[in-house]
Amino acid sequence: MPRSEEAAAFFHAVYEAILEIPPGRVTTYGHIAMLIGTPQRPRQVGVCLKHLPGDLTQRFNIDTVPWQRVINSKGTISPRSQPAAAQNQATRLEAEGVTVRRDAMGEMSVDFDEYGWFPDVLPSEAAGGGAGNDDADDDDEE
DNA sequence: TTTTTGACGTTAT
DNA sequence: AATAACGCCAAAA
């Protein structure tokens, strides 16, 4: 558990934000960081997920928090020390209807155009390549 | 206690 | 396009 109250509050905010990701959609560590008002700490979002309790009696645990819906900004499942964990994430995503594409180098990616969930994205970003969603509320697009 | 590590992302070369 | 440097900070070593 986090050593300070402030850290605990951060963990809490991260988990709450992740709970908002709709099933069958994905977003990024950076986006979660932005949503909770700390855009400079996407890395800490990863820390929170890494330490997500396996204890199912806790309010936030690996079963109640849809951690699998968080991937990196490249649109790929972040590799970690335990390769099986990434595989597990892919499996959980596929179980909710998300297509995970494996390329030649064992790298697993998800198409943001199809599954990305990015509410509150600034119009300037959306203007770029047609792949954006400037709406704060989206369920279906393209 | 100090140092290193790491489920990241943006900016600068 | 690809690589490096940096900011971030809780945990683990």
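Q: Before we start, what counts as a polar contact within protein here?
A: A pair of N or O atoms within 3.5 Å, where one must be able to donate a hydrogen and the other to accept it. Residues adjacent in sequence count only if both atoms are side-chain atoms. Also keep in mind that this is a predicted model.

Q: OK, which side chain does S78 join in a polar contact?
A: The side chain of N72, in a polar contact of 3.2 Å.

Q: And where does S78 sit in the fold?
A: In the loop between β2 (70-71) and α4 (83-95).

Q: Is S78 buried or exposed?
A: Buried: S78 has 16% relative accessibility, and the cut-off for buried is under 20%. That figure takes in protein chains only, so the DNA isn't part of the cover.

Q: What else does S78 touch, leaving out residues up to four places away in sequence?
A: Y29, N72 and A86. On the DNA side, a polar side-chain atom of S78 lies 3.2 Å from a phosphate oxygen of DNA strand B.

Q: Which backbone atoms lie by a phosphate oxygen of strand B?
A: S73 has a backbone N or O atom 2.7 Å from a phosphate oxygen of DNA strand B. For G30, a backbone N or O atom lies 3.2 Å from a phosphate oxygen of that strand.

Q: Zooming out, how many residues are around DNA strand B, and which come nearest?
A: There are 18 residues around DNA strand B, and R43, L49, K50, S73 and R80 come nearest. As for the strand's own atoms within 4 Å of the protein, sugar and phosphate account for 49% of them.

Q: Which helices supply at least two residues each to that surface?
A: α2 (29-35) and α3 (42-50). The largest share comes from α3, with seven residues of the surface near DNA strand B.

Q: What's the mix by class on the surface near DNA strand B?
A: Nine polar, six nonpolar and three charged residues.

Q: Switching topic: how many salt bridges does the structure hold?
A: Three. One of them is between the side chains of E16 and R59, at 3.3 Å, N to O. E16 is in helix α1 (residues 5-19) and R59 is in the loop between α3 and β2, so this pair links distant parts of the chain, 43 residues apart.

Q: How exposed are E16 and R59?
A: E16 is partly exposed, with a relative accessible area of 31%. R59 counts as exposed, at 54% relative accessibility.

Q: What does R69 pair with?
A: R69 forms a salt bridge with E96, and the closest N and O atoms are 2.8 Å apart. R69 lies in the loop between α3 and β2 and E96 in the loop between α4 and β3 (101-102), so the salt bridge ties together parts that are 27 residues apart in sequence.

Q: Is R69 buried or exposed?
A: Buried, at 10% relative accessibility. Its partner E96 counts as partly exposed, at 24%.

Q: And which residue does E94 bridge to?
A: To R102, with the closest N and O atoms 2.7 Å apart. E94 is partly exposed at 35% relative accessible area, and R102 is partly exposed at 37%.

Q: Why can side chains like these pair at all?
A: Side chains of opposite charge can pair when their charged atoms come close.

Q: Now the whole chain: how many helices and strands does chain A have?
A: Six helices and four strands. From the N terminus on, the elements run α-β-α-α-β-α-β-β-α-α.

Q: How much of chain A is buried?
A: Buried residues make up 37% of the 142 residues in chain A. The chain exposes about 8600 Å², and carbon and sulfur atoms supply 51% of that.

Q: What share of contacts in chain A join residues at least 24 apart?
A: 55%, among contacts between residues at least 6 apart in sequence.

Q: Last one: where is D63?
A: In the loop between α3 and β2. D63 is exposed, with a relative accessible area of 56%. D63 and N88 are 25 residues apart in sequence, and 13 Å apart in space, C-alpha to C-alpha.

Methods
Residues numbered from 1 in each chain as written. Chains lettered and ligands numbered in written order. Predicted model: local features only at pLDDT ≥ 70, side-chain atom pairs only at ≥ 80, totals over all residues. Heavy atoms only, no water. Near = heavy atom within 4 Å. Nonpolar A, V, L, I, M, F, W, Y, C, P; charged D, E, K, R; others polar. Buried < 20%, exposed > 50% of the residue type's maximum accessible area, 1.4 Å probe, protein only. Contact = heavy atoms within 4.5 Å. Salt bridge = Lys/Arg side-chain N within 4 Å of Asp/Glu carboxyl O. Areas by Shrake-Rupley, 256 points an atom, 1.4 Å probe, with all protein chains shown as cover.
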